[in-house]
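I opened this entry to keep track of what I looked up, one topic at a time. Charged pairs come before helix packing, and backbone angles come last.

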Amino acid sequence: MPRDDMGDAPPKRTAHHRWEVARPRNGTSPDGVRMAGYRDRTCSRLDMQVLPQPAVIVVIGLGADPITVESPSGNRPLSGLVAALSPGPARIRGEGVECVEMALSPRAAYALLGVSPLELDGSVTGLEDLWGRHARLLREQLADTASWQGRLALTDGFLRRRAAGAPPMAAEVAAAWDAIVTGRGRVRVGDLAASCGWSRKRLRARFTAQVGLTPKRAAMLVRFDHAARALLAGERAGDVAVACGYADQPHLHRDIQALAGCTPGALAGLTVSTEP
């Protein structure tokens, strides 16, 4: 869904007046979770590419019509979805979209999804495939709740119950992920392994099992995320390559082609799903 800078304000129009966006008024959510509610004021058609980003995206649809996910494996209408960290080429389409959307850090995803992020297999998955009847019940409760703040509070409570007693991510894996994010993807895997006191092989195995990507791919994703945001903001590809730590502009081009399936110039013109 579109970005906004509402903070903890009540729902209001975004700059282009299409979306009503709500965030928790108290600004709190479980650790590693960003949450928002969206409603398309115009009831027009949504057609949006899903870009890889350093968060697992969960969407609970509340409208009368499902959200359709289009991917190489086919089209699938869903009432709720989960997009992996690097979901591959996919688009979401819908009419009159209304939803609650959450961005989960890998640490939160490991605790809340009920499966390792590795099992998402780099795709967009139906939420009921993971949460079953709990997803259906939550969606029904959200649809029966009139206010956005009530809906967000329901979702917050649901997540906190799931987090209670969930297995924690290994401290070494969490520290490696934090180092990748802090370094904006400009880190060496050997340095990460040394900081954990692990071999590169052990770090790769444990990190991949709990995050869903290898450390090298995770660093590539975090670097890409910064580059994609800069390109979407209108910055020049050459300047972005330098600022984001790419060896040169062709290196930027290769990474964007690999992760987004398009050139930097094409990415700059996309309508995309980036964050709640």
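The notes below follow the order in which I looked things up.

**Entry 1. Status of the model**

I note at the outset that this is a predicted model. I took local features only where pLDDT is at least 70, and side-chain atom pairs only at pLDDT 80 or more.

**Entry 2. Salt bridges**

I began with charged pairs, since side chains of opposite charge can pair when their charged atoms come close. How many salt bridges does a search of the whole structure find? The search returns 14. I went through three of them one by one.

I looked up Arg93 first and found its side chain in a salt bridge with that of Glu70, at 2.0 Å from N to O. Arg93 belongs to strand 9 (residues 91-95) and Glu70 to strand 6 (residues 67-71), so this pair ties together parts that are 23 residues apart in sequence. I then checked accessibility for both partners. Arg93 has a relative accessible area of 15% and is buried, because the cut-off for buried is under 20%. Glu70, at 23%, is partly exposed.

The next pair I looked up was Arg136 and Glu128, which form a salt bridge with their closest N and O atoms 3.3 Å apart. Here I recorded Arg136 as partly exposed at 40% relative accessibility. Glu128 is also listed as partly exposed, at 34%.

For the third pair I went to helix 8 (residues 215-232), where both Arg229 and Asp225 lie. The two are four residues apart, about one turn of the helix. Their salt bridge has its closest N and O atoms 3.1 Å apart. Is Asp225 buried or exposed? Asp225 is buried, with a relative accessible area of 10%. Arg229, at 22% relative accessibility, counts as partly exposed.

I also asked which residues are joined into one network by salt bridges that share partners. The network consists of Asp47, Glu70, Arg91 and Arg93. The pair of Arg93 and Glu70 that I noted above is therefore part of that network.

**Entry 3. Helix 8 and its packing against helix 5**

I stayed with helix 8 and compared its span with expectation. At 1.5 Å a residue, its 18 residues should span 26 Å, and the end C-alpha atoms are 26 Å apart, which agrees. Of these 18 residues, 13 are buried, so helix 8 is largely enclosed by the rest of the structure.

I then turned to the packing of helix 8 with helix 5. Two packed helices are described by the angle between their axes and the distance between the axes. The axes of helix 5 (residues 171-182) and helix 8 come within 9 Å and cross at roughly 30°. The crossing is right-handed.

Which residues make the contact? From helix 5 I listed Trp177, Ile180 and Val181, and from helix 8 Pro215, Ala218, Ala219 and Val222. I sorted the contact by class and got seven nonpolar residues, no polar ones and no charged ones.

After helix 8 comes Gly234, and its phi is positive, near 100°.

**Entry 4. Positive phi outside glycine**

I looked for this feature because most residues other than glycine have a negative phi.

Asp121 is not a glycine, yet its phi is positive at about 55°. I placed Asp121 in the loop between helix 1 and strand 11. At 64% relative accessibility, Asp121 counts as exposed.

Arg184 also has a positive phi, near 55°. Its place is the loop between helix 5 and helix 6 (189-196), and I noted Arg184 as partly exposed with a relative accessible area of 42%.

**Entry 5. Pairs apart in sequence**

I finished with two C-alpha distances. Gly114 sits in the loop between helix 1 (106-112) and strand 11 (124-126) and is exposed, with a relative accessible area of 58%. From Gly114 to Arg162 I noted 48 residues in sequence and 8.4 Å in space, C-alpha to C-alpha.

Where does Trp19 lie? Trp19 is in strand 2 (residues 19-22), and a relative accessible area of 3% makes it buried. Trp19 and Asp40 are 21 residues apart in sequence, with 4.8 Å between their C-alpha atoms.

Methods
Residues numbered from 1 in each chain as written. Heavy atoms only, no water. Salt bridge = Lys/Arg side-chain N within 4 Å of Asp/Glu carboxyl O. Buried < 20%, exposed > 50% of the residue type's maximum accessible area, 1.4 Å probe, protein only. Axes fitted to C-alpha atoms, helices over the stretch in contact; angles between N-to-C directions. Left-handed = near helix turned anticlockwise from the far one by under 90°. Contact = heavy atoms within 4.5 Å. Nonpolar A, V, L, I, M, F, W, Y, C, P; charged D, E, K, R; others polar. Expected span 1.5 Å × (residues − 1).
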